[in-house]
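Open the model in your viewer and keep the selection panel at hand. The stops below are meant to be taken in order.

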Amino acid sequence: MHARLAEAMDFVEEKRRELLASVEGVAPADLSRRTATDAWSVAQILEHLRMVESGVARLITKRVQQAKAAGIAAEQSTESVIPSFEPHRIKLESGRLTSPEPVRPKADPDPIEALDGLAITRQALRDAASSANGVALGEIKHTHAILGELDLYQWLIFLGQHEVRHRKQIERTLDSLPR
């Protein structure tokens, strides 16, 4: 795998391990509990993450296919891609954001199905990344509903940062549950 794509995927995989560690050993019933009527349960957060990752995997697959058909050049740079997301990371961490309707979870998702769904979407993302290997992903742009225009490397980094944001939310939620 090209160094830039490998760097982005390593980041995403690391953040997923951290996310899964935050729910490891938690009873499914606790994953379904809410701390407030307007707050998401952990299961809802996991379902939201599944929905977002599924969409990003489809986006990468589609945009890479289009770029290849248009004759996009091969990736030449080996420069790190992680710093390019820094301004977006700050915005992503800056406070309460409202998820767009298509990625809002249903009221009571099954926590086991949500976790299983994350494994499925992660494989879809890996497949999308495989199809993108060697492509100059920094040249392929797509607008994010909240962050604005991102290149496909930044979309991958977004997934990792998005999971960091929601891992913190999960930890706060689990810490707030009455024992």
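Select helix H3 (residues 42-69) together with helix H5 (residues 111-132) in this predicted model. Their axes lie 8 Å apart and make an angle of about 20°. Angles under 35 degrees count as roughly parallel, so H3 and H5 are roughly parallel to each other. Turn the view until one helix lies in front of the other: H3 passes H5 in a left-handed crossing. Now colour the contact of H3 with H5 by residue class, which gives 15 nonpolar, 5 polar and 5 charged residues.

Next, go to helix H6 (residues 152-176) and show the side chains of tryptophan 155 and phenylalanine 158. How are the planes of tryptophan 155 and phenylalanine 158 arranged in their aromatic pair? The arrangement is edge-to-face, with 80° between the planes and 5.8 Å centre to centre. The structure holds 1 aromatic pair. Tryptophan 155 and phenylalanine 158 are 3 residues apart in H6, and are therefore separated by about one helical turn. Add a surface to check their setting: both tryptophan 155 and phenylalanine 158 are buried.

For the last stop, select glutamate 139, in the loop between H5 and strand S1 (141-144). Is glutamate 139 buried or exposed? Its relative accessibility is 61%, and the cut-off for exposed is over 50%, so glutamate 139 counts as exposed. Then add aspartate 151 to the selection and draw a C-alpha to C-alpha distance from glutamate 139. The two residues are 12 residues apart in sequence and 6.6 Å apart in space.

Definitions and conventions. Residues are numbered from 1 along each chain as its sequence is written. This is a predicted model: local features need pLDDT of at least 70, side-chain atom pairs count only at pLDDT 80 or more; totals for chains, interfaces and linings use all residues. Side-chain values use heavy atoms; hydrogens and water are left out. Axes are lines fitted to C-alpha atoms, for helices over the stretch in contact, and angles run from 0 to 180 degrees between N-to-C directions. Helices (H or I, at least four residues) and strands (E, at least two) are DSSP runs, numbered from the N terminus. Angles under 35 degrees count as roughly parallel, over 145 as roughly antiparallel, 65 to 115 as roughly perpendicular and the rest as oblique. A crossing is left-handed if the near helix is turned anticlockwise from the far one by less than a right angle, and right-handed if clockwise. Ala, Val, Leu, Ile, Met, Phe, Trp, Tyr, Cys and Pro count as nonpolar, Asp, Glu, Lys and Arg as charged, and the others, Gly among them, as polar. Rings of Phe, Tyr and Trp (its six-membered ring) pair if their centres lie within 6.5 Å; planes under 30 degrees apart count as stacked, over 60 as edge-to-face and the rest as tilted. Buried means under 20% relative accessible area, exposed over 50%, partly exposed in between (1.4 Å probe, protein chains only).
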